[in-house]
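This report looks at the interior of one protein chain, moving from a single helix position to the nonpolar cores, a polar loop residue and an enclosed space.

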Amino acid sequence: MMLWANAVVGIIQLIIAIILAVVALYIGFSVLNRITKGMDEAKELAKGNAAVGILIAAVFIGIAVVVQSGVSGVSLGIAKAMSVGIFSVDGLVAIGVAILQLILGIVLAIAAIYLALKILDRLTKGVEEFEELKKGNVAVALEMAGVIIAVAVIIQSGVIGITTALL
């Protein structure tokens, strides 16, 4: 019987992970559209603009890195809830805290990526990154991708820290 319960919990975790991943990627792409100062990413991709493709891929990878650590937190929360009774007060609190931590992780990832790109823009005064992306400048895209992924890895550590502290 316990094997079936674990399988059901695993399937629920998978469904939650899929839904949250899709939502996080959608939000990330929407925020990117606001950051890129009038660039139509879909048109640039259709034209074969590799630089824009690199930037979008970096945003998706960055968000995925952070969401993955948040999903791990949800798994820990569900495991804790099952150990104390999934419908007990402690069990429901563990699940609620884990889900809130995941949502916080998604928000932090998107906000950190936005902030990092804004800071990069200020640090590179002689380079208009988004104009260079429109021109297909792969070097600028790689620079931006590196910043995005680095920030995501650092934010991931923070999200894992939140999970450890709360659960």
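## A position on helix 3

Does Ser 72 count as buried, partly exposed or exposed, and at what relative accessibility? In this predicted model, Ser 72, which lies in helix 3, has a relative accessibility of 32% and is therefore classed as partly exposed, since the class called buried ends at 20% and the class called exposed begins over 50%. Ser 72 stands 55 residues from Ala 17 in sequence, while the C-alpha atoms of the two are 9.3 Å apart in space.

## Nonpolar cores

The largest nonpolar core is made up of 33 residues, and Leu 133 and Met 144 are those with the most contacts inside it. At least two residues of this core come from each of helix 1 (2-35), helix 3 (50-84), helix 4 (89-123), helix 5 (129-134) and helix 6 (138-166), with helix 3 giving the most, 11 residues. A second core, separate from this one, has eight residues, among them Val 66, Ala 109, Ala 116 and Val 151. In soluble globular proteins, nonpolar side chains tend to be buried together.

When neighbours within four places in sequence are left aside, Leu 133 is in contact with Met 39, Asn 49, Ala 51, Val 52, Leu 55, Ala 141 and Met 144.

## Asn 49, a buried loop residue

One of the residues in contact with Leu 133 is Asn 49, which is found in the loop between helix 2 (41-46) and helix 3. Asn 49 has a relative accessible area of 8% and is therefore buried, the cut-off for that class being under 20%.

The side chain of Asn 49 has polar atoms placed at short listed distances from two backbone atoms: 3.1 Å from the backbone nitrogen of Ala 51, and 2.8 Å from the backbone oxygen of Leu 133. Not counting residues up to four places away in sequence, Asn 49 touches Glu 44, Leu 133, Lys 134 and Gly 136.

## The enclosed cavity

A search of the whole structure finds one cavity of 30 Å³ or more, and the volume of the largest cavity is about 50 Å³. Its lining consists of Gly 28, Val 31, Leu 32, Ile 35, Val 59, Ile 63, Ile 110 and Ile 113, and helix 1, helix 3 and helix 4 are the elements that give two or more residues to it.

Helix 1 supplies the largest share of this lining, four residues. By class, the lining of the largest cavity holds seven nonpolar residues and one polar residue, with no charged residues.

Terms used
Residues are numbered from 1 along each chain as its sequence is written. This is a predicted model: local features need pLDDT of at least 70, side-chain atom pairs count only at pLDDT 80 or more; totals for chains, interfaces and linings use all residues. Side-chain values use heavy atoms; hydrogens and water are left out. A nonpolar core is a set of buried Ala, Val, Leu, Ile, Met, Phe, Trp, Tyr and Cys residues joined through side-chain atoms within 4.5 Å. Buried means under 20% relative accessible area, exposed over 50%, partly exposed in between (1.4 Å probe, protein chains only). Contact means heavy atoms within 4.5 Å. A polar contact is a pair of N or O atoms within 3.5 Å; within protein, one must be able to donate a hydrogen and the other to accept it, and residues adjacent in sequence count only if both atoms are side-chain atoms. On a 1 Å grid over the protein atoms alone, a cavity is a set of points where a 1.4 Å probe fits but cannot get out, and a pocket is an open set with protein on both sides within 12 Å along at least five of seven lines; lining residues have an atom within 4 Å of a point. Grid points are joined across faces, edges and corners, and a volume is the space filled by probe spheres set on the points. Ala, Val, Leu, Ile, Met, Phe, Trp, Tyr, Cys and Pro count as nonpolar, Asp, Glu, Lys and Arg as charged, and the others, Gly among them, as polar.
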